[in-house]
Amino acid sequence: MEVIEMAAGLGRMVTLARVLGLPREMSLTAVATLADLERFGARRVTELAVFEGVTQPAMTQLVTRLEREGLVERRDDPADGRAVVVEITGDGRAVLAARREAQAQRLAELLAELSEEDRAALAAALPVLDRLTDQALRPYHTPAGAR
């Protein structure tokens with residue numbers, strides 16, 4: 001299989017993830033931002049904007065909304081007292097957990113329609129997909145205070 005075909009196939013996984021998230025009570029960028037904060041820890045707004053591919057003003061608005069909803073909070077940056085970082089709250093983690101549970105239920109329904117061989121092939125591919133994801137995200141693993 002050529003690399004371009006593999007890239008297209010991985011792109012279809014994004015479509016699957018989007019479908020699993022329907023209906024949406026929260027934007028994909030909001031969910032992705034919460035998940036990034038959960039996975040990598042506190043981040044500056046500018047870092048979140050770059051990672052999510054949005055402008056800094058757009059990310060500032062999103063963080064303000066998430067903060068009003070109690071899903072994130074701003075704290076002083078331990079590396080630079082003049083700056084602040086955004087951190088996920090317990091409520092933010094609970095929202096992500098509930099969303100993941102709903103997605104898992106929907107995915108279980110879809111998986112039940114596949115053959116045992118197809119499910120086994122997917123299970124066998126998961127460790128490789130995890131390594132590929134870790135490799136792609138490596139530049140973002142550094143905590144805000146360590147920069």
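A salt bridge here is a side-chain nitrogen of Lys or Arg within 4 Å of a carboxyl oxygen of Asp or Glu. Keep that in mind as you look at this predicted model, because Arg-44, Asp-77, Asp-80 and Arg-82 are linked in a network of just such contacts. The structure holds 13 salt bridges, so let's walk through this network link by link.

Start at Arg-44, which sits in the loop between helix H2 (28-40) and helix H3 (45-52). Its side chain meets that of Asp-77 in a salt bridge, at 2.7 Å from N to O. Asp-77 belongs to strand S1 (residues 72-77), so this pair ties together parts that are 33 residues apart in sequence. Is each partner buried or exposed? Arg-44 counts as partly exposed because its relative accessibility is 29%, whereas Asp-77, at 3%, counts as buried.

Arg-44 has another acidic partner to look at: Asp-80, with the closest N and O atoms 3.7 Å apart. That distance is within the 4 Å cut-off, so the pair counts as a salt bridge. Asp-80 lies in strand S2 (residues 80-88), so here the loop between H2 and H3 is tied to a part 36 residues away in sequence. Asp-80 is buried, with a relative accessible area of 17%; the cut-off for buried is under 20%.

Now follow Asp-80 onward. Which residue does Asp-80 also form a salt bridge with? The partner is Arg-82, and the closest N and O atoms of the two are 3.0 Å apart. Arg-82 counts as exposed, since its relative accessibility is 77%. Put the links together and you have the network again: Asp-77 pairs with Arg-44, Arg-44 with Asp-80, and Asp-80 with Arg-82.

For another stop, go to helix H1 (residues 3-20), where you'll find Ile-4. Is Ile-4 buried or exposed? Its relative accessibility is 63%, so Ile-4 counts as exposed. If you want a sense of distance from there, try Ala-58: the two residues are 54 apart in sequence, and their C-alpha atoms are 32 Å apart in space.

How values were computed:
Residues numbered from 1 in each chain as written. Predicted model: local features only at pLDDT ≥ 70, side-chain atom pairs only at ≥ 80, totals over all residues. Heavy atoms only, no water. Helix = DSSP H or I, 4+ residues; strand = E, 2+ residues; numbered from the N terminus. Buried < 20%, exposed > 50% of the residue type's maximum accessible area, 1.4 Å probe, protein only.
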